[in-house]
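Here are some short questions on a two-chain model. Look at the structure, then read on.

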Amino acid sequence: MNVFRHDIVIVGGGGAGLRAAIEAAENHPNASIALVSKVYPMRSHTVSAEGGAAAVAREDDNLELHGFDTVKGSDFLGDQDCIVYFVEQAPKELALLENWGCPFSRNEDGSVATRAFGGMTTKRTWYAADKIGFHMLHALFQHSMRFPNIVRYDEYFVSKLLVDGGRCNGVAALDIRTGEYCTILGRAVILTTGGGGKIFPFTTNGTIKTADGMALAYRAGVPLKDMEFVQYHPTGLPGTGILITEATRGEGGYLKNNKGERFLVDYDYGVGKKAELGPRDMISRAIVQEIEAGRGFEGAYGAYVHLDLTHLGAEVINTKLPFVRELAKTYVGVDPITTPIPIRPVVHYMMGGVDTNIHGATTLPGLYAAGETACVSINGANRLGSNSLTECLVFGAAAARHAMSFSKDSAAPNEKALVAQCEEEAGRVANLRGRKKGGEKISAIRRELNNVMEACCGVYREQTSMQTGVIATAQLRGRVADLRLEDSSKVFNTELITAMELQNMVEVAETIAVSAAHRKESRGAHTCKDYKGRDDSNYLYHTMTHHDPAGPRLGKKDVVLGKWIPEERKY
Amino acid sequence: MADKTIVITRFDPDKDQAPRKQEYKVPCEPDWKVLDAINFIKDELDGSVAHRWSCRMAVCGSCGMMVNGEPKLTCKTSINDYGDRVDIEPLANFPIVRDLVVDLDGFMHKFQSVKPWIIRAKEKAADPIAARAALHPVKGTYSQSADQLATFKQFSMCINCMLCYAACPVVANEPEFLGPAAIALGHRYNMDSRDEGQGERNEIFRGEGTVFSCSYANECSEVCPKNVDPAAAVNQAKFGAVIDWAKNLVLPRGGA
Amino acid sequence: MSRPAHPHAMAPHTPGRTRTAPPQMPSTWWSAPRIRNYLLFDATGIVYYLISFLAIGMVQALARGPESWEAVMTRLRHPAYIAFHVLCLVSVVFVAVRFFSLFPKAQPKAIGPIKPPPGPVIHAMLYVVWLGITAIMTAILAGVIF
């Protein structure tokens, strides 16, 4: 078996992973950094972000405001020390990204332009037309290429963290090209694998977003935090779930029902004057209520409402929202210049993830996490649009700094033990490859998982369906061990990867269901029909789920409060 | 719903001497893209078909394939634009790894060789962390006018989907050729007002198998799903490389 | 795909870790309409190659004397020669139109402070220059000027 040795190993090549790699490589030219990703880094799902990245930039804005917006957006579940650190670092990180070549849109005077976004008091979302994620990912990836000490492992699938003596010291990775396992050793490991939107049937997420990092950490004994908080983005295309950015509303777009009313203005949904610029959880709930009140449109893929941009004019749409126009024309056959776009709420983001502290460190020494896969938590119960890209940068860099200093101080890993673990993992996966004796079909289990999770953890949740979800996901966890695979070839066996991804998703889905069923209140994205309103006296804490062969074991962690005292969340 | 015969190129180096074709009957929905048909095959008919895909919204660049002989982004191409029989092959001009998966290693190295990052000639922060602490969202960023942005923005839209390489007749015949996307991205940085690395990149562009190998067939721009127009970039880069060479002749070392 | 591309086209930088099938060109490499346009564009080279022989022959005939020149002139009246000249004309027009259409976007966005005019203007300028030169040449040959 091939054994590769590095100072740190980063798993995941998206925004957070690349930022972490650059931070480590730039400040430690003699260190060797492994960047392991199951796809080429430029395919990572950061690429799909559209609207922008938030950081204070204007004269009329300040860190205090950004901090409070984020805390309020999180429904007071965000850790305030982390949020303060986040808003402080945000402008520097975005300025760095600009220095590295990201083609931000500009004001007349040549400075970086900002736009309005949901839940933000003022314009603080830096953007590049409507493709910030794409430009950020490519700018980071291209910048990362200049560092010879970043060693990329493209198309390597990590299926196990190697832990010895209570420290995480590397990963077991399957070289997808050859089908052979290799041991990639480092004195610290950073997980930056993104979320797991593919657990749900209707999602903006790409097919690679299968909660791999969360499952890796969870199995290694690291708790997952706040998993019940799954963000529904208000505006996805029916059928495909393709994201139509919040920037459409930031630029002045309207949401309309089948009577042509701007329902966020005409009815009281708690967003007040913010109307279309309310936070995502509230807007998604409003859309669902409109549809339930019979004021939606009926379509082949369920009911929807309209996102009307026609009043913005061709000029604004073509210069600021060209990708939205391309997507609407290609995937629903609608030109937003003349016709409203059909949209409905769609699973977009997981606020929860691997429990980390402000430095990105998990409870397992040597293991760090950043980006969507981590839960620091700055997002609490609901993330504000355009905070997540900045989060990738801020906490990707922070995790890299602390992982590097950890790696310098720690003793050499016990290579023999780690390689033995990797060999065992290779044996397990060899048995899974082309496992014809199995009884369960991958696509069938995935469909079942999707349906269970949609019923269990929608925009509105009910205690009974959440309980059903807990039981159903536990059953699926048993059944997913008995998959039937047809492809026994070693080279580029994507079926094998899909099977392991499905196992990851089932494992993480169970933590979502269990966490959701236990939280008997309505907070942020977790809206329970049986329990109206937030219950700070009983539920102002982070839900922790620990791995246990019998199923997730629940725990609690205190929310770090600060200068912002929880109050009623009304806009 | 219409039944179509989807013909997929199969190649498994463990079993096949050479690529072969396999046919599948697929009930195609009216709004399906080509990718949906391939995913249907993978999910329901034959789990051993290998292909790359992810975002299914035409921005990650994974799913480029030959559809009836034309390079296409399969998530953006309607299956019903084609007849009852659709031929799906791996991207032309690339070594085939497995089924619809091609080897991108050659591209990645060509891409890296054009130095696709901002090069600043003079300022080299001695202490990057101290420099970063001083970064300010306005003072710490470069000023760039809308005009300056427009000179390179188009070329920065490349999603690395490789359709241009599959279409380019020079790529097919000249293994050293850097190819459309790599040159376009190098040129993108040359045109960026924040960059000062034109000298280095133009030297690369004057080398063997680079911009001057392009015969301006314009095929790359015809197939580009993102309107990057790599042919324009490559041919602008020719001018750039020549002007730069002439400048060096008159004023060696950039006049400094 | 029916025709192999160069066996080393887009070869990996480090030798592939598994055996690959050699790169192929699309089966439509010669028949798809836009590719055919490009191939025709390249194929016009053959026409210029041939007409250069004709031109050299004419110069030689001129050097040999009036009889020789007259013989060439007589030969050129043959329908085959006329057809060939029509082919030359079509080729030139085709190449000019295609080249002119691709020319504007290949211009540098700026040379120092100087910016080229917008694409359509360059496009129009090319046609004006082309037609102008043609007119002057015709005038010279017809003996109107010089």
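Q: What percentage of the contacts in chain A with a separation of 6 or more comes from residues 24 or more positions apart?
A: This is a predicted model, where local features need pLDDT of at least 70, side-chain atom pairs count only at pLDDT 80 or more, and totals for chains, interfaces and linings use all residues. Residues are numbered from 1 along each chain as its sequence is written, with chains lettered from A and ligands numbered from 1 in the order in which they are written. Two residues are in contact if their C-beta atoms, placed from the backbone, lie within 7 Å. For chain A, pairs 24 or more positions apart make up 76% of the contacts with a separation of 6 or more.

Q: Which helix gives the largest share of the side of chain A that touches chain B?
A: The contact takes 52 residues from chain A and 50 from chain B. Helices are DSSP runs (H or I, at least four residues), numbered from the N terminus. Among those supplying at least two residues are α1 (15-27), α3 (80-99) and α15 (494-518) of chain A. The largest share, seven residues, comes from α3(A).

Q: How far apart are the C-alpha centres of domain 1 and domain 2 of chain B?
A: Domain bounds come from an automatic or database domain assignment. In chain B they give domain 1 (2-102) and domain 2 (105-250). The C-alpha centres of these two domains of chain B lie 31 Å apart.

Q: How many residues does domain 2 of chain B give to the contact with domain 1 of chain B?
A: Domain 1 of chain B gives 13 residues. Domain 2 of chain B gives 12 residues.
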